[in-house]
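User: I am a first-year student learning to read protein models, and I would like a close look at a single part of this one. Please choose one residue in the interior and explain how its surroundings fit into the whole.

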Amino acid sequence: SDLPLSLETFLLRLHPDDVPFIKESYARVLDATLAQDSFDFTFRIIGKKSGAVKKIRSLLKRKVSNGKVVSLRGISQDITAASSYESQITESNRQL
């Protein structure tokens with residue numbers, strides 16, 4: 001059965017080591033006193049059926065009005081393969 005989308009259900013899918021980082025990051029996004037309006041996060045999720053770990057990059061843009069966050073827009077991308085290739089290239093270069 002699918003759970004409704006919420007922060008709590010999202011946190012259930014996160015790799016346990018990334019939960020504190022995401023909670024802290026989410027609090028920063030909602031802190032309207034910060035001058036920063038764009039956010040870039042990388043974290044891991046665990047596949048519901050497969051259990052496979054995937055690396056995700058999320059870019060968020062927020063709008064603050066009258067001291068409150070009034071909207072969030074963003075995109076998330078699975079960067080697992082790209083991250084793996086990057087690690088392989090880095091390791092290969094290190095061995096040279």
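Analyst: What follows starts with the whole protein and then turns to one residue, I56, and its neighbours.

Please keep in mind that this is a predicted model, and that every value below was computed from it. The protein has three helices and three strands, and when you follow the chain from the N terminus, these elements come in the order α-α-β-β-β-α. The radius of gyration is 16 Å, well over the 12 Å that the globule rule gives for 96 residues, so the protein is more spread out than a compact globule. Along the principal axes, the C-alpha trace spans about 55 × 40 × 20 Å. Of the 96 residues, 21% count as buried, and of the roughly 7300 Å² that the protein exposes, 54% is supplied by carbon and sulfur atoms.

I56 belongs to strand β2, which covers residues 53-65. Is this residue buried or exposed? I56 has a relative accessible area of 9%, and because buried means under 20%, I56 counts as buried.

The next step is to ask which residues I56 touches, leaving aside those up to four places away in sequence. On one side of I56 in the sequence, the partners are F41, T42, F43 and I45, while the others are S76, Q77, D78 and I79. F41, F43 and I45 are also members, together with I56, of the largest nonpolar core, which has 10 residues and further includes L11, L14, V19, I22, V29 and F39. Strand β1 (38-46) and helix α2 (19-30) each supply at least two residues of this core, and the largest share, four residues, comes from β1. In soluble globular proteins, nonpolar side chains tend to be buried together.

It helps to look at the picture from the side of F41 as well. With residues up to four places away in sequence again left out, F41 touches I56, R57, S58 and L60, and also F21, S25, R28 and V29. Since α2 is made of residues 19-30, the partners F21, S25, R28 and V29 of F41 fall within that helix.

Finally, the C-alpha atoms of I56 and E8, which are 48 residues apart along the chain, are separated by 18 Å. For the protein as a whole, 38% of the contacts between residues at least 6 apart in sequence join residues at least 24 apart.

How values were computed
Residues are numbered from 1 along each chain as its sequence is written. This is a predicted model: local features need pLDDT of at least 70, side-chain atom pairs count only at pLDDT 80 or more; totals for chains, interfaces and linings use all residues. Side-chain values use heavy atoms; hydrogens and water are left out. The radius of gyration is taken over C-alpha atoms; the globule rule is 2.2 Å times the number of residues to the power 0.38. Buried means under 20% relative accessible area, exposed over 50%, partly exposed in between (1.4 Å probe, protein chains only). Contact means heavy atoms within 4.5 Å. Accessible areas come from the Shrake-Rupley method with a 1.4 Å probe; for residues, only the protein chains shown count as cover. A nonpolar core is a set of buried Ala, Val, Leu, Ile, Met, Phe, Trp, Tyr and Cys residues joined through side-chain atoms within 4.5 Å.
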